[in-house]
Protein chains: 2
Amino acid sequence: MIDTILEFLVQKNYKQLKEFLAEENPADIAEVISELDENDAILVFRLLSKDTGAEVFAYMDKDTHIGILENINEDEITYLMNNLFMDDTVDILSELPANYVTRVLQNVSEARRKLINHFLQYPEDTAGSIMTIEYMDLKKDMTVKEAIERVKKYAIKKETVNNCYIIDDKRMLLGEVTLKDLILATDDTIINDIMNEDVIVGNTLTSTDEISLMFTKYDILSMPIVDTESRLVGIITVDDVMELIEEETSEEMGRMTGASPLENPYMKTGVFKLARSRIIWLFVLMIGATISQLIIGKYEDFLTAYVVLAGFLPMLMDTSGNTGAQTATIIVRGLGINEIKLSDMPKVLFKEMRVALIIGVTLALANFFKLWLLQSIDPVIAGAVSLTLICTITIAITAGSSLPFLARKLKLDPAVAVSPMITTIVDAFAILLYFTIAKALLGI
Amino acid sequence: MIDTILEFLVQKNYKQLKEFLAEENPADIAEVISELDENDAILVFRLLSKDTGAEVFAYMDKDTHIGILENINEDEITYLMNNLFMDDTVDILSELPANYVTRVLQNVSEARRKLINHFLQYPEDTAGSIMTIEYMDLKKDMTVKEAIERVKKYAIKKETVNNCYIIDDKRMLLGEVTLKDLILATDDTIINDIMNEDVIVGNTLTSTDEISLMFTKYDILSMPIVDTESRLVGIITVDDVMELIEEETSEEMGRMTGASPLENPYMKTGVFKLARSRIIWLFVLMIGATISQLIIGKYEDFLTAYVVLAGFLPMLMDTSGNTGAQTATIIVRGLGINEIKLSDMPKVLFKEMRVALIIGVTLALANFFKLWLLQSIDPVIAGAVSLTLICTITIAITAGSSLPFLARKLKLDPAVAVSPMITTIVDAFAILLYFTIAKALLGI
């Protein structure tokens, strides 16, 4: 697609380019524009019909927004802002540098500016920060015919009309009807008689994590959001939730390895920002490994006498680190999607203890015979290594399965740096146990 | 909710229980039933209205399905199967043991049995295996009025009517109209004039990964699926995609730590299955660590003379392992959601090299001064450790950023055991480099 567009641009064949663009999907156009240089980007953007322009704009990333905003005039900004849905507006503005936000807000009506500012104040990661106000509202005493007329009149300005919300004069949410309900009912049916009153509803301050869990659990397409006084203030639609889940999953995966979230997509993030997002936990855990160093230091004489023992340190550390990180990842994920509940902790720990025993004993036996029979290692040393393996695997799995629960109970994010942290902690234990067991078995 | 239900059950107050259930959400009822004992579960299930029963059944997990199927009669099975959507039917049957599948299939009509068997044959992880056939189809020469009449007539049996698909006599997909389009158009408009012909469409053999990427990218609610001859054979709806994404993300996170996917939810999986899903990679990598052991073995004499060097092994191994796993996780995720493309490899590698240099030099300097000034370690040894750190971090980041690309190019899953594997590989390099550098600096 980008090749076709570049060709039209080189030929200055704008008429055909315009026709070509009219047939393409807004998400694809946004992607291509972000790959063009600034002049071409503006040119292509201006060739879009004005409505498509706003839609394409909503799909772009931050850098492209800045590029476009720098090059369009005040009228174009006004038009753009009037045609963006509120959730996209808030999403775009909350990422832009302050001077761009000011310029944008100067070009919208005062009423809309107030509204935008209000929406911008909802804390990040709450339903309020991702909802939109363009929902379809109906009254309970309308007939279906009246309702459909209202839908026809306002649908074009709404994010969705598949779900319509029934509110009273104080904007309290009373129920919901789907467009399908309206189609299936006879014209003179009263909305009150067909509306569903058991609506799955969120609050402006509900966390986005919880919102996405509710969408997945109840298979909903749009969720009404109410304020603290139960007044309907917005809706969240499933497409935004999917985007949210993708973003949150990426952030969680990164966090689990000790990397903090990036503001921009990876390919658009500079080297220093990338390094900064990763270095903090690496540094902390590097310092944390001093404990392992001190433990080894205490056993220096012993190690000099039995230097062969040093050879098994990597295997012991790797295996226990891997085991711990593995368990922790599974538990953190289970807690995250509510597949494992906080109250399951005793059951999970008991389960994991037994898993630890099976894995520990199996690996230890395999390791013992490998060392003894294949590598002709002194069976006492092979025994010490294998016995340590059982213990460290048990510790690794116990730490990996209990720390996420503890973090949750302390209202900390169980994902933060969980896998390198557990590796580092478990390694220190592994080394300590290893030398203790080896000393005992060797009778020193 | 479960307490209320248990109370009604104890009081044998079935009438009120029935009324109570009628008000609850099917997803919640399914959850409660899975927590009841078998007799109560059946009792509650039978109190549901027949339509709700099928919906609740679709939300249940495998064990609960078996429990219910064991206790209901043939007529009930027939009714249930006739009221389940095809995607749920296939989903349920593909998880049940063969004898249950046989019993279920004996109680459906021959036509439906053939259809189910056909659907069961689509390979797992393809669009065909998750699509459903209950889509709303229209003809292009219908008027909007005729179309709406058709929707009214069949909507109740359709998974969704928010999107309707226009097909010709050979069932070739021509376009799509939304229910909103129909409402907004005048009665005598011809469907052909308002249908959208640029439909985002999938093929029965498109991978489910790709399907979910398309849903997220294009913000779609339902996607038509065509066979190899471009005939419309089914649709996939966004709620199924969300479930799919949740499941696939869990599997991917597990796989990255070397754990294979579980068939059932964690809490319903036995200890042996849990152990088996995790032990294979732990075993392979335990054996892999033999390389590190052999390297240390080669430097035994040197290590005996400078046993202090052993103390820094854990820090070097942990830091490089953590760094490598971190980078790999970020790259694997980026590739998975198409934020990073295969063709970005050179750019990514160049980027990561520079990130490695920044992180490596910063951590090495911090480490050098910590060892020298705070721990009074001989500066030559502190230097050897720190120099090794720069090298191993560079290797870790290079491995972490290139191996996922290579796996992709070889059409392997880049996620499989990526983080423990990189830890183990990088550790071997770290040890080798450490002794080489230390020997050189100490002038031996």
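**View 1. No polar contacts turn up where domain 1 of chain A meets domain 2 of chain A.** In this predicted model, the interface of these two domains has 0 residue pairs in polar contact, counting pairs with both residues at pLDDT 80 or more. A polar contact here is a pair of N or O atoms within 3.5 Å; within protein, one must be able to donate a hydrogen and the other to accept it, and residues adjacent in sequence count only if both atoms are side-chain atoms. Salt bridges come to 0 as well (a side-chain nitrogen of Lys or Arg within 4 Å of a carboxyl oxygen of Asp or Glu). On the domain 1 side, the residues touching domain 2 of chain A split into 2 nonpolar, 2 polar and 1 charged. For these classes, Ala, Val, Leu, Ile, Met, Phe, Trp, Tyr, Cys and Pro are nonpolar, Asp, Glu, Lys and Arg are charged, and the others, Gly among them, are polar.

**View 2. A:Phe85, A:Asp87 and A:Phe119 on the domain 1 side.** Domain 1 of chain A and domain 2 of chain A bury about 370 Å² between them, with 34% of it on carbon and sulfur atoms. Buried area is the accessible area (1.4 Å probe) that two parts lose on being put together, summed over both. The three title residues supply 76% of what domain 1 of chain A buries against domain 2 of chain A, more than any other three residues.

**View 3. Chain A against chain B.** Zoom in on this interface and you'll find 112 residues of chain A in contact with 113 of chain B, contact being heavy atoms within 4.5 Å. The two chains bury about 10200 Å² between them, 67% of it on carbon and sulfur atoms. There are 36 residue pairs in polar contact, again with both at pLDDT 80 or more. Chain A's side of the interface with chain B has 62 nonpolar, 24 polar and 26 charged residues.

**View 4. B:Lys217 reaches A:Glu31.** Their side chains meet in a salt bridge, 2.8 Å from N to O. Between chain A and chain B, the salt bridge count is 6.

**Notes.** Residues are numbered from 1 along each chain as its sequence is written, and chains are lettered from A and ligands numbered from 1 in the order in which they are written. Local features need pLDDT of at least 70 and side-chain atom pairs count only at pLDDT 80 or more, while totals for chains, interfaces and linings use all residues; side-chain values use heavy atoms, leaving out hydrogens and water.
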